[in-house]
Amino acid sequence: MLQHSENISITASYQFRASVFTTLLTVVAVGVFTSLAVWQYQRAVYKEQMAQAVMQQVDLPALALAQTGVDWPAQRFRAARVGGTWDNSQTVLLDNIVQHGKAGYHVITPLRLASGQWVLVNRGWVAVGADRQQLPAISAPTGEVQVEGTLDMPRSKPVFLFGDIAADVEGNQRWLYLDVARFGQKLGVSLPPYLLLQTSAADDGLNRNWPVYANKAGMHIGYSIQWAAFALMVLIAYLYMNTHRKDKA
């Protein structure tokens, strides 16, 4: 009975007082940190799904694109092969691609199949060179070619590009990102939503050392826990700093 009475006395000797400004500031901070924690968790889930998709596709035999359709995007990362002729006049260079610390471009050339269908092929990477205003010379092979590669997602619009900025705003050949619909309009044909990342050898001087997909789900889980911890610390600090001992009468 004596211990119960002491607990009541301790509880009754404290009160919570917080200003409106402090409360609003805490709500905003906790909201922002919680949103970042959720966003990082969602990124982790996406990365894990990507890793599973890679594992499911990489060991399967190559698809013959001229003979079979592609179940897109379920077959992303699947090996594929196709024969056709390059339309070198429509080659574009995707800007801001860095490899081993060097700025460069991805070389995108449309390949026309015997059936009349088209496939966009990322042929490889080439360095910018000493003068950015001068585009690098790209080999333009002619005749029938056989290309092997991996089905991949075209490079989408970078997050730092705000507003409605066209992919080819810097010119007809240097593009900021790969807008497949716009490329199709340029060719006057309908293009599939995927890209073939060329892995087969070719005497064109392009670098095709594509990076191996790395599962970074664990990193995003760590970031998620970090932001959640920040939100919890702010909430605890708010409660601690605004809980005061009552003055004795």
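Four salt bridges are present in this structure, which is a predicted model. Three of these pairs are described in turn here, followed by the two helices that carry a record annotation and by a surface patch.

One salt bridge joins the side chains of arginine 76 and aspartate 152, with an N to O distance of 2.9 Å. The two partners come from distant parts of the chain, 76 residues apart: arginine 76 sits in the loop between β2 (63-64) and β3 (79-86), while aspartate 152 belongs to strand β7 (residues 144-152). Arginine 76 counts as buried, since its relative accessibility is 14%. Aspartate 152 has a relative accessible area of 16% and is buried too; the cut-off for this class is under 20%.

Aspartate 95 and arginine 132 provide another salt bridge between side chains, at 2.5 Å from N to O. Because aspartate 95 is part of strand β4 (residues 92-99) and arginine 132 is in the loop between β6 (118-127) and β7, this pair ties together parts of the chain that are 37 residues apart in sequence. The burial of the two partners is worth following on the model. Aspartate 95, at 1% relative accessibility, counts as buried, whereas arginine 132, at 32%, counts as partly exposed.

A further salt bridge links arginine 123 with aspartate 204, whose closest N and O atoms are 3.8 Å apart. Here strand β6 supplies arginine 123 and the loop between β9 (195-198) and α4 supplies aspartate 204, so parts that are 81 residues apart in sequence are tied together. Arginine 123 and aspartate 204 are both buried. The pair also belongs to a network of salt bridges, in which Arg123, Asp204 and Arg208 are linked.

Attention now turns to the helices. Helix α2 (residues 20-57) has 38 residues, which at 1.5 Å a residue should span 56 Å; the 55 Å between its end C-alpha atoms agrees with this. Buried residues of α2 are Thr26, Ala37, Gln40, Ala44, Lys47, Met50, Ala51, Val54 and Gln57. Several of these positions can be read with the helical repeat in mind. An α-helix has 3.6 residues a turn, so residues three or four places apart point the same way. Among the elements covering the buried residues of α2 is α4.

Helix α4 (residues 217-241) can be checked in the same manner. Its 25 residues should span 36 Å at 1.5 Å a residue, and the end C-alpha atoms are indeed 36 Å apart, so the values agree. Within α4, the residues Ala217, His220, Ser224, Ala231 and Tyr238 are buried. Their cover includes β1 (14-16) and α2.

Both helices carry an annotation in the sequence record. UniProt, in an unreviewed entry, places the feature "transmembrane region" at residues 20-39 and 221-241. In the model, residues 20-39 are 100% helix and 0% strand, with end C-alpha atoms 28 Å apart. Residues 221-241 are likewise 100% helix and 0% strand, and their end C-alpha atoms lie 30 Å apart.

Helix α4 also contributes to the surface. Phe16, Leu232, Leu235, Ile236 and Leu239 form a nonpolar patch there, and together they have about 460 Å² of accessible area. Four residues of this patch come from α4, which gives the most to it. Leucine 232 is one of the patch residues, and its place is in helix α4.

Key
Residues numbered from 1 in each chain as written. Predicted model: local features only at pLDDT ≥ 70, side-chain atom pairs only at ≥ 80, totals over all residues. Heavy atoms only, no water. Patch = residues over 30% accessible without salt bridge, like charges linked within 9 Å, V, L, I, M, F, W, Y side chains within 5 Å. Areas by Shrake-Rupley, 256 points an atom, 1.4 Å probe, with all protein chains shown as cover. Helix = DSSP H or I, 4+ residues; strand = E, 2+ residues; numbered from the N terminus. Buried < 20%, exposed > 50% of the residue type's maximum accessible area, 1.4 Å probe, protein only. Expected span 1.5 Å × (residues − 1). Contact = heavy atoms within 4.5 Å. UniProt positions renumbered as here; feature names shortened; annotations may be inferred.
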